[in-house]
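Open the model in your viewer and keep the selection tool ready. The stops below go through empty space and helix packing in turn.

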Amino acid sequence: MQQNERYISIQILNDIDKRGTFSGEAIDGALRKEQFSDKRERAFVTRLTEGTIEKKLTIDTVIERYSKVKVPKLKPLIRNAIRTGIYQIFYMDSVPDAAAVSEAVNIVKAHGMKNLSGFVNAILRNVIRDKEELRKMIGSDPCLKYSVPKWLYEYLVENYGADYAEKILADTEAFRPTTIRVNTNLVTKEKLTEMLEADGIKVRNGNYSDNSLLIENYDFIRRIKGFREGFFIVQDESGMAAVEALGIKPGSVVIDMCAAPGGKSLYASLFVGKDGLVRSFDISEAKKALIEENAERLKASNVSAFVKDALKYDPELGESADYVIADVPCTGLGVMGRKNDIKYRVKPSDMETLSKQAGSILENADRYLKTGGRLLYSTCTITKEENGMVAQRFLKKHPGYDKIAERQFLQGIDKCDGFYYLILQKN
């Protein structure tokens, strides 16, 4: 691989450090900008960037064994050149150690920091020299093995036991195919499968939804035949299962309170049909635009997007919905495998803050819902504070609801993301 791909990875990491951009968004933006012609180049940038983020805590622990300057104080280019070098040394067997070092040093020299190239070289050479010792150190500490903050590891052990905690964390590093939902308004599952396989994409049926497919061996999702035509949307099966369990009837009105990017709204639109309506809310014009982009691509004309804050009740829509979807903001610990920087962003106090916010959103959901209607409460997390405890408080305050269904998916145990859903009927 040429230096260019490594430098692009470093640039992406710099951007994430500077702007707080989420890794998926930053990588996707960079790949679109660079327009690589070679699939291997895109794969290398993605693997190096995602892997360095995923293992950041472990890598930074290694750096601080050899650097007198703390990692946050290092110049961004130097910090991320060393990080990517260490990732290649430990986790990319296809890259010779010497190449990882020389390319990092060359990048530093090429970008006006020749005086620091010796520093970078020394740290990476020391890591190579002590590689086996460092491997033992990392393997003996679950927090380093899975690059996870100590508080989060202890939380998982306390709530799920050491064995389940290990399975959950191991799953964050496991290969996962991309899950897509077939847009059956435009194409059959069989026809889409045939199209994808004709282009060399590996396809198999999902585990929890008849409308899902698991795909791999493709290049870039937006370049897959059928994407622009709206034949499918990327969506995890856990979210599909939640919408299916809601039991939406044709001709119904659905309100989706925290809808972007619109996956659940668009699935609901299939069930309400041409005589139904899905009102999709989110908090900003950018999120509204994302919902509209997906609705237009999937030709879902029965979906209308609005800029609305789920925490602020709109009296004009009081008791107007047959179904309300409240897929609330959460810590996101169920999707650590797909969003590998979430584990560094979450704080223990976030659980309490977000659970209170979820309770407020549910109060508004209750006011939008007709008597006899159904409410879907869901999160992409696995904490009891944001899931069962929120449900218990709501039901205690609103005893007129009947529980229709409740499920907690756990990554590493179930064959999908970690996800919680609760379905209630209003009497």
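Which residues line the largest cavity? Select Asn183, Asn185, Leu266, Ser269, Leu270, Leu298, Lys299 and Ala300, and you have that lining. Bear in mind from here on that this is a predicted model.

**Stop 1: the cavity**

With those residues shown, look at the space they enclose, which has a volume of about 40 Å³. A search of the whole structure finds 1 cavity of 30 Å³ or more. Colour the lining by class and you get 4 nonpolar, 3 polar and 1 charged residues.

**Stop 2: the second largest pocket**

Clear the selection and pick Leu13, Ile16, Asp17, Thr52, Ile53, Lys56, Asn80, Arg83, Asp341, Tyr344 and Arg345, which line the second largest pocket. Two or more lining residues come from each of helix H1 (3-19), helix H3 (39-54), helix H5 (76-91) and helix H15 (342-345). Which of these elements gives the most to the lining? H1 does, with 3 residues. The space in this pocket is about 170 Å³. Coloured by class, its lining shows 5 charged, 4 nonpolar and 2 polar residues.

**Stop 3: H5 against H7**

Keep H5, which you met at the pocket, and add helix H7, residues 117-129. Look along the pair: the axes come within 10 Å and cross at roughly 25°. Angles under 35 degrees count as roughly parallel, and H5 and H7 are therefore described as roughly parallel to each other. The crossing of H5 past H7 is right-handed.

Now show side chains. On the H5 side, select Ile78, Ile82, Gly85, Ile86, Ile89 and Phe90. They meet Phe119, Val120, Ile123, Leu124, Val127 and Ile128 in H7. How many charged residues does this contact have? There are no charged residues in it; the contact has 11 nonpolar and 1 polar.

**Stop 4: H4 against H8**

Next select helix H4 (residues 56-66) and helix H8 (residues 131-139). Their axes come within 12 Å, with a crossing angle of roughly 130°. H4 and H8 are therefore oblique to each other. H4 passes H8 in a right-handed crossing.

For the contact, show Thr58, Val62, Arg65 and Tyr66 in H4, then Glu133, Leu134, Met137 and Ile138 in H8, which they meet. By class these are 5 nonpolar, 1 polar and 2 charged residues.

**Stop 5: H16 against H17**

For the last pair, select helix H16, residues 348-368, and helix H17, residues 388-397. The axes are 10 Å apart and the packing angle is about 40°. Why are H16 and H17 called oblique? Angles under 35 degrees count as roughly parallel and those of 65 to 115 as roughly perpendicular, and an angle of about 40° is therefore classed as oblique. H16 passes H17 in a right-handed crossing.

Show Ser355, Ala358, Gly359, Leu362, Glu363 and Asp366 on H16. Opposite them, H17 supplies Val390, Arg393, Phe394 and Lys397 to the contact. The class colours give 4 nonpolar, 2 polar and 4 charged residues for the contact of H16 with H17.

Technical notes. Residues are numbered from 1 along each chain as its sequence is written. This is a predicted model: local features need pLDDT of at least 70, side-chain atom pairs count only at pLDDT 80 or more; totals for chains, interfaces and linings use all residues. Side-chain values use heavy atoms; hydrogens and water are left out. On a 1 Å grid over the protein atoms alone, a cavity is a set of points where a 1.4 Å probe fits but cannot get out, and a pocket is an open set with protein on both sides within 12 Å along at least five of seven lines; lining residues have an atom within 4 Å of a point. Grid points are joined across faces, edges and corners, and a volume is the space filled by probe spheres set on the points. Helices (H or I, at least four residues) and strands (E, at least two) are DSSP runs, numbered from the N terminus. Ala, Val, Leu, Ile, Met, Phe, Trp, Tyr, Cys and Pro count as nonpolar, Asp, Glu, Lys and Arg as charged, and the others, Gly among them, as polar. Axes are lines fitted to C-alpha atoms, for helices over the stretch in contact, and angles run from 0 to 180 degrees between N-to-C directions. Angles under 35 degrees count as roughly parallel, over 145 as roughly antiparallel, 65 to 115 as roughly perpendicular and the rest as oblique. A crossing is left-handed if the near helix is turned anticlockwise from the far one by less than a right angle, and right-handed if clockwise. Contact means heavy atoms within 4.5 Å.
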